[in-house]
Amino acid sequence: MSAVAVEGVWKFYGDYPALRNIRFEVEPGACLALIGRNGAGKTTLLRIVAGFSRPGKGEVKIFGAPPRDTAARRRIGFIGHGISVYDELSALENLMLYARLYALEDPRRAALEWLERTGLERSANGLVREFSRGMRQRLAVARAFLHDPKVLLLDEPFTALDDRAIAVLQRLLREALAAGKTVVMSTHQLREAMELATHVALINRGQVAFHGEATSEMAADPSLIYARYGEA
Amino acid sequence: MRFFRDVWVIALKDLRAEFRTKEAVNASLAFALVILLIFSFAFDAQEDTTREISGGLLWIAFAFAGTLILNRSFAREIPNDCLDALIASPVSGAALFLGKAIANYVLLLGMELVSLPVFSVFYNVRWMGQYGWLALVFLLGTWAITVIGTMTSALTVNIRLREVMLPMLTYPILVPALLGAMQLSMQLMAGNPIGPENESWLKMLIGFDVIYTAVSLVLVETVLVG
């Protein structure tokens with residue numbers, strides 16, 4: 001069974017089709033890099049896959065279940081444009097909140113473990129509003145990985161990250177892929193993405209212009225994909 | 001069981017965040033006191049007519065001041081895209097709504113509790129005679145404001161003019177509940193107990209709360225996800 005299956009998805013904003021008949025599957029353990037210019041529809045597609053928004057036509061399945069299904073939601077970890085943690089709460093309180101929402105057995109232990117894995121253990125009781133940008137980003141990564149998701153959906157995960165946060169995220173993504181987890185990420189940072197991607201999908205004006213395995217040729221020169229399949 | 005645990009987690013999170021900043025509750029309380037003060041200039045507290053309409057004035061103050069708390073309810077989730085993380089979590093929309101509604105209810109009741117003594121001084125109202133019934137009316141009326149306000153807060157969360165839209169959507173729907181709460185409060189403050197001539201208002205208030213709570217719990221998932 002595919003980890004993620006996108007079956008003929010359309011999304012309309014008024015009469016404008018932001019996504020047109022998008023189809024692809026991602027197998028467990030694969031990493032799909034969704035690439036495309038600004039406004040191509042990558043974020044819209046990821047939000048539909050994550051279950052934040054419903055498609056106009058078509059459907060999405062996460063291990064065979066719709067993304068709004070409770071079991072599917074437990075399997076998804078999402079990093080979007082925002083950090084999705086509360087400024088008024090401490091790092092520990094934020095992670096414990098999400099640990100409780102995901103019904104983890106020992107929320108405190110899970111939160112402390114992820115604070116340590118992201119290098120934030122010394123700031124566990126500090127309020128997020130007092131954190132530096134890099135610390136906030138690492139906390140966002142901890143929040144997304146906290147419940148051990150089987151499918152990681154990342155929207156521009158490397159954008160605006162500092163070097164340490166990029167290193168933390170890349171290490172965690174490598175570990176996740178090695179453990180058989182699935183990653184779908186939209187990105188502009190082709191070089192970072194191609195280090196991890198096993199597959200690439202180029203979205204052009206709401207359509208899949210290319211979908212296939214990532215090759216060593218693409219990894220050596222990521223702009224090749226645009227040159228070959230991108231906007232004419 | 002899981003549902004109620006989620007409700008509790010969400011309510012506690014909202015209350016903790018609010019008590020750290022006190023943004024909404026301070027603004028709401030100050031606004032309620034200012035409204036009551038301004039009304040006290042307009043109406044002579046010694047006149048019988050003032051006492052007759054005092055219940056109405058009180059609920060107008062609560063409804064206006066309450067929007068400041070209700071506006072923050074879902075807007076609190078916007079700055080860091082926290083709403084996305086809540087929607088992505090396995091928490092049902094109904095649990096999310098109910099948790100937020102309970103947090104709002106606690107904050108609204110807190111604002112009302114502080115406002116009431118000020119109100120009784122300004123308007124020379126002796127409401128202790130029927131305090132049991134009055135407490136029931138306050139609990140029911142406040143829940144009506146809470147449930148409608150929390151739902152419209154969810155509806156308007158992505159609208160740029162949500163501060164304007166929330167009261168515009170909330171007040172028209174609230175009219176029957178406010179009318180019931182005002183009528184009952186006026187009669188109870190005048191010393192009249194709830195009897196056959198005014199119990200229909202109480203039934204209406206209970207019915208309003210039950211129906212709108214049920215409708216909100218069913219619809220909130222659609223409101224949040226589409």
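In this predicted model, B:Glu77 pairs with B:Lys100 in a salt bridge, with the closest N and O atoms 2.7 Å apart. B:Glu77 sits in the loop between helix 3 (48–75) and helix 4 of chain B while B:Lys100 belongs to helix 5 (residues 93–123) of that chain, so the bridge ties together parts that are 23 residues apart in sequence. Neither partner shows any accessible surface: B:Glu77 counts as buried at 0% relative accessibility, and B:Lys100 is buried with a relative accessible area of 0% as well. The pair doesn't stand alone, either, as salt bridges with shared partners join B:Lys13, B:Asp14, B:Glu77 and B:Lys100 into one network.

Over all chains, the structure holds 18 salt bridges. Another of these links A:Lys181 to A:Asp148, and here the closest N and O atoms are 2.2 Å apart. A:Lys181 comes from the loop between helix 6 and strand 7 of chain A and A:Asp148 from the loop between helix 5 and strand 6, so this pair ties together parts 33 residues apart in sequence. The burial of the two partners doesn't match: A:Lys181 is buried, with a relative accessible area of 15%, whereas A:Asp148 counts as partly exposed at 41%. A salt bridge within a single helix turns up in helix 6 of chain A, where A:Glu175 and A:Arg171 lie four residues apart, about one turn of the helix. Their side chains meet at 3.7 Å, N to O. Both ends have some exposure: A:Glu175 is partly exposed, with a relative accessible area of 35%, and A:Arg171 is also partly exposed, at 35%.

Turning to the interface, the contact takes 28 residues from chain B and 30 residues from chain A. The area buried between the two chains is about 2600 Å², and carbon and sulfur atoms give 55% of that. On the chain B side, B:Arg20, B:Asn80 and B:Pro90 supply 23% of the area buried against chain A, more than any other three residues. B:Arg20 has a further part here, since its side chain meets that of A:Glu93 in a salt bridge (2.8 Å, N to O). The count between chain B and chain A comes to four salt bridges, and 17 residue pairs are in polar contact across the interface. Helix 1 (2–21), helix 4 and helix 8 (199–225) of chain B each supply at least two residues of the side that touches chain A. Helix 1 gives the most, with 10 residues. Sorted by class, that side of chain B has 12 nonpolar, four polar and 12 charged residues.

Chain B also has a hand in covering helix 5 of chain A (residues 133–145). This helix has 13 residues and reaches 19 Å from its first C-alpha to its last, close to the 18 Å expected at 1.5 Å a residue. Of the 13 residues, 12 are buried, so the helix is largely enclosed by the rest of the structure. The buried set isn't just made up of hydrophobic side chains: A:Arg136, A:Gln137, A:Arg138 and A:Arg143 are among them, along with residues including A:Met135, A:Leu139, A:Val141 and A:Phe145. Within chain A, the cover includes strand 5 (76–79), helix 3 (91–101), helix 4 (107–117), strand 6 (151–155) and helix 6 (163–178). From chain B, the cover includes helix 4 (82–88).

Two individual residues of chain A make a handy contrast in burial. A:Thr187 is found in strand 7 (residues 182–187) and is buried, with a relative accessible area of 0%. Leaving out residues up to four places away in sequence, A:Thr187 touches A:Leu34, A:Ile35, A:Gly36, A:Lys42, A:Glu156, A:Phe158 and A:Ala193. A:Glu121, by comparison, lies in the loop between helix 4 and helix 5 and is partly exposed, with a relative accessible area of 42%. With residues up to four places away again left out, A:Glu121 touches A:Leu115 and A:Glu116. A:Glu121 and A:Arg108 are 13 residues apart in sequence, and their C-alpha atoms are 12 Å apart in space.

How values were computed
Residues numbered from 1 in each chain as written. Chains lettered and ligands numbered in written order. Predicted model: local features only at pLDDT ≥ 70, side-chain atom pairs only at ≥ 80, totals over all residues. Heavy atoms only, no water. Expected span 1.5 Å × (residues − 1). Buried < 20%, exposed > 50% of the residue type's maximum accessible area, 1.4 Å probe, protein only. Contact = heavy atoms within 4.5 Å. Buried area = accessible area lost by both parts, 1.4 Å probe. Polar contact = N/O pair within 3.5 Å; in protein donor to acceptor, adjacent residues only side chain to side chain. Nonpolar A, V, L, I, M, F, W, Y, C, P; charged D, E, K, R; others polar.
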